[in-house]
Amino acid sequence: MASMIETAIRSTVTKGIGVVAEYNRKRLEVVTDHPFLTGIHKPMSQELTLEDLPVTGTIPAALDGRYLRIGPNPIDPDPAGHHWFTGDGMVHGVAVKQGKALWYRNRWIRSKKVAAVMGVAAAPGPRHGMSETVNTNVLAIGGRTFALVEAGSYPVELSDTLEEQTYNPFDDTLTGSFTAHPHLDPLTGEQHAIAYEATNPEVVRHVVISPEGKVTREEPIAVKHGPSIHDCAITGRYVLILDLPVTFSMKALIGGHSFPYRWNPDHQARIGLLPRNGSGDETIWVNVDPCYIFHVANAFDTADGKVILDACVYNTMFADSAQGPDAKSRGLERWTIDPAAGTVERRSIDATPQEFPRSDERRFGQPYRYAWTMGLPDADKAFIGESFLLKHDLETGARTVHDFGEGKYPGEFVFVPASDTAAEGEGWMIGLVVDLPNETTDLVILDAKDFGSAPVASIRIPHRVPPGFHGNWVAA
């Protein structure tokens with residue numbers, strides 16, 4: 001009964017705060033040239049189905065499936081209080097088979113708001129409170145395709161053609177919010193995630209999903225201030241919790257800002273090492289200097305009991321801007337965490353500003369050799385720019401650059417192995433590249449081993465796909 005009363009009170013208070021926030025949002029200064037609503041970020045205004053796309057080069061015969069990418073694409077853009085992270089979700093997909101690009105489709109996630117604007121039925125299925133926006137990741141879980149977001153809505157299950165959508169908390173086995181970044185343990189087939197939500201700032205949860213796509217664990221871990229935990233990592237022994245100083249801001253929420261998380265210098269930065277099957281109070285906390293991490297490349301245990309974490313790191317985040325990321329990347333770092341001594345040793349792998357690290361995910365949670373990242377502009381408060389991709393050989397220290405040329409803007413690329421038994425790094429890197437001067441986009445396929453060379457194939461999409469967040473290859 002106590003929990004039911006607590007839930008009812010929290011729901012009432014949340015609705016009341018929402019009313020105040022919406023009132024104050026209308027009073028915010030309107031930014032006429034909002035950086036995440038104009039230029040390369042200008043939202044698409046319609047859904048398209050394009051078939052038999054033109055191909056330059058040769059698509060590898062082994063590629064049979066879909067490349068899917070999701071990101072924010074506001075259906076009714078309002079610059080007042082808008083943050084890049086909160087726009088209505090839109091999924092983009094390209095289907096490939098037998099060397100051909102069969103189709104491209106883009107579809108909004110049909111929340112009630114989006115459906116009302118479009119004049120169509122909203123996606124069926126249960127909602128998690130008032131949260132419906134799903135815009136951050138799309139990947140296969142338990143043999144099905146799910147669009148994901150953190151700290152809010154339940155996942156949305158998508159059909160192979162993206163036409164059918166259903167809000168689905170993993171067949172009603174998920175009780176709370178989820179994350180944008182679950183990670184598959186290739187040795188067990190389980191997905192691991194750290195989930196949080198603003199309505200419960202004192203708890204985050206370790207969520208485990210079985211190979212069949214059902215939640216088998218939601219273990220609470222005590223925290224303070226409501227940290228924004230975008231990603232996590234796993235090793236053979238631990239789940240890593242990135243409890244860093246971007247936390248929930250009631251002031252920002254009530255003030256009308258759609259993304260209510262800000263840099264909090266009073267929040268102790270720390271890494272939690274949660275035993276994979278342990279209780280939340282068994283978490284080993286290790287303090288670190290203030291910083292922020294969106295994404296990890298990988299993590300693994302060492303023979304002497306330490307933990308290695310490779311990640312892209314920032315000194316701060318969301319300290320100044322209420323519109324999007326506002327800090328310069330420190331590049332890719334390797335952290336050696338000693339749970340016995342309670343220390344973290346930090347070493348720069350490459351100080352070039354970069355983001356969206358990916359590895360050969362058959363090695364996730366294990367020692368590995370290769371990491372690929374997306375280059376960022378070498379300037380403060382500039383998250384998207386004419387950029388390049390980097391390949392890091394963590395064994396030799398070698399670095400390879402793939403430069404797409406002037407006016408080309410690549411997003412995150414994902415590694416696809418040539419086969420289940422291929423060696424680490426033997427396969428392709430696949431991702432979208434915007435040609436801004438020509439307002440077109442290419443799905444580019446690179447040879448991961450011959451990384452600096454010309455693309456193996458490029459599939460032309462005859463319009464600009466706005467920069468989004470995460471993409472993945474879903475095999476047929």
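Visitor: What makes β6 and strand β7 (residues 144-148) a pair?

Guide: Two strands pair if DSSP finds at least two bridges between them, and β6 and β7 are joined in the antiparallel sense over five bridges, so the condition for pairing is met. One of the contacts can be followed residue by residue, since I141 has R144 in β7 as its bridge partner. The names β6 and β7 come from DSSP runs numbered from the N terminus, where a strand is a run of E with at least two residues and a helix is a run of H or I with at least four.

This is a predicted model, in which local features need pLDDT of at least 70 and side-chain atom pairs count only at pLDDT 80 or more, while totals for chains, interfaces and linings use all residues. Residues are numbered from 1 along each chain as its sequence is written, and side-chain values use heavy atoms, with hydrogens and water left out.

Visitor: Why do β6 (137-141) and β9 (165-167) stand at the edges?

Guide: The open sheet has four strands in the order β6-β7-β8-β9, with antiparallel pairing. β6 and β9 each have a single partner strand, so one side of each is left without a neighbour in the sheet. From one strand to the next the twist averages 30°, an angle taken between axes, which are lines fitted to C-alpha atoms (for helices over the stretch in contact), with angles running from 0 to 180 degrees between N-to-C directions.

Visitor: How do you know that β30 and β31 form a hairpin?

Guide: Strand β30 (residues 427-435) and β31 run antiparallel and are joined by eight bridges, and there are four residues between the two strands, with E439 in the turn having a positive phi of about 55°. V434 stands opposite T441 in β31. β31 is also joined to strand β32 (residues 457-461) by five bridges, again in an antiparallel arrangement, and there D442 has R460 as its bridge partner.

Visitor: Why is strand β31 (residues 440-447) called mostly covered?

Guide: Seven of the eight residues of β31 are buried, where buried means under 20% relative accessible area, exposed means over 50%, and partly exposed lies in between (1.4 Å probe, protein chains only).

Visitor: Why does E219 count as buried?

Guide: E219, which belongs to strand β13 (residues 215-222), has a relative accessibility of 18%, and this value is under the 20% limit, so E219 counts as buried.

Visitor: How do you know that C232 is in no disulfide?

Guide: A disulfide is a pair of cysteine sulfur atoms within 2.5 Å, and by this rule the count comes to zero. For C232, the nearest cysteine sulfur is that of C312, 16 Å away, so the pair does not meet the limit. C312 is likewise in no disulfide, with the sulfur of C291 as its nearest at 12 Å.

Visitor: Why are C232 and C312 called buried?

Guide: C232 has a relative accessible area of 1% and C312 has 0% relative accessibility, and both values are under 20%, so each residue is buried.

Visitor: What makes K391 and T400 bridge partners across two strands that pair?

Guide: K391 has T400 in β27 as its bridge partner, and strand β26 (residues 388-393) pairs with β27 in the antiparallel sense over five bridges, so the minimum of two is reached.
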